[in-house]
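Please follow this explanation with the sequence and the structure side by side, moving from the whole chain to a few chosen places within it.

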Amino acid sequence: MAQHALVVIDMINAYRHQDAEQLVPSVESALPAIVDLLRRARAADVPVVYANDNFGRWRSHHGQILDLALSGRHPELVEPVRPDDESLFVVKARHSVFYETPLAYLLRSLDVDALVLTGQVTEQCVLYSALDAHIRHFGVTIPRDAVAHIHKDLADAALRMVERNMGGRIVDAADIPW
């Protein structure tokens with residue numbers, strides 16, 4: 001049986017970027033499923049790893065990134081998904097959660113071989129992270145109702161690509177068996 005980790009992508013966000021207002025309605029829609037996934041993963045002792053952009057602040061750490069997000073335009077989207085004391089945190093600078101980060105090493109040290117990817121943006125960071133997970137031989141599951149998009153048509157295409165080209169599983173968050 002696979003050892004899973006829940007990877008929360010870019011949910012600690014100040015929403016001060018060009019596409020933020022296009023993204024917000026989708027985040028609002030996905031938020032209940034993400035919160036439920038976090039609750040259930042924590043209750044089942046599934047490792048929770050936040051992989052988050054540093055917004056170009058190269059001296060920042062996860063506490064500063066969280067503070068910046070909570071003082072941003074939509075703290076109501078950040079507060080429900082804030083990391084707890086057991087959560088792991090990887091700072092990223094590009095789209096993929098693996099690019100130039102220690103995430104693969106961290107996951108292997110936890111004996112994780114399958115990922116559930118949640119967060120934002122489906123057609124960007126989630127897609128690129130799924131591809132990088134696949135080429136690193138991690139199983140990939142994406143709960144379609146627990147990812148947020150800017151462009152729905154591109155998000156739908158991204159999920160189809162993960163399923164068809166990478167053998168990833170696209171499911172509803174409630175179907176994740178934790």
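Buried residues make up 51% of the 178 residues in this protein, which is shown here as a predicted model. The surface that the protein exposes comes to about 8,800 Å², and 50% of that area is supplied by carbon and sulfur atoms.

The secondary structure comprises six helices and seven strands, and when the chain is followed from the N terminus these elements come in the order β-α-β-α-α-β-α-β-α-β-β-α-β. The radius of gyration is 15 Å, close to the 16 Å that the globule rule gives for 178 residues, so the protein is as compact as a globular protein of that length. Taken along the principal axes, the box filled by the C-alpha atoms is roughly 40 × 35 × 30 Å. Among the contacts with a separation of 6 or more, 80% are between residues 24 or more positions apart. As for charge, the protein has 17 positive and 24 negative charges, and the mean positions of these two groups are 4 Å apart.

The strands offer a place to look more closely. Strand S1, residues 4-9, pairs with S2 in the parallel sense, and four bridges join the two; within this pairing, Val7 has Val49 of S2 as its bridge partner. Strand S2 covers residues 48-53, and because five of its six residues are buried, the strand is largely enclosed by the rest of the structure.

From the strands, the view can turn to a single residue in a helix. Ser129 belongs to helix H5, which spans residues 122-135, and with a relative accessible area of 0% Ser129 is buried, since the cut-off for that term is under 20%. When residues up to four places away in sequence are not counted, Ser129 touches Ile9, His95, Ser96, Val97, Phe98 and Leu117.

What, then, is the place of Trp178? Trp178 lies in the segment after strand S7, which is formed by residues 169-171, and at 22% relative accessibility Trp178 counts as partly exposed. Leaving aside neighbours within four places in sequence, Trp178 is in contact with His4, Leu6, Leu37, Arg40, Ala41, Ala44, Val46 and Val116. Trp178 and Arg39 are 139 residues apart along the chain, yet their C-alpha atoms are separated by 9.7 Å.

Methods
Residues numbered from 1 in each chain as written. Predicted model: local features only at pLDDT ≥ 70, side-chain atom pairs only at ≥ 80, totals over all residues. Heavy atoms only, no water. Rg over C-alpha atoms; globule rule 2.2 N^0.38 Å. Buried < 20%, exposed > 50% of the residue type's maximum accessible area, 1.4 Å probe, protein only. Contact = heavy atoms within 4.5 Å. Areas by Shrake-Rupley, 256 points an atom, 1.4 Å probe, with all protein chains shown as cover. Lys, Arg positive; Asp, Glu negative; His and termini not counted. Charge placed at Lys NZ, Arg CZ, Asp CG, Glu CD. Pairing = 2+ DSSP bridges.
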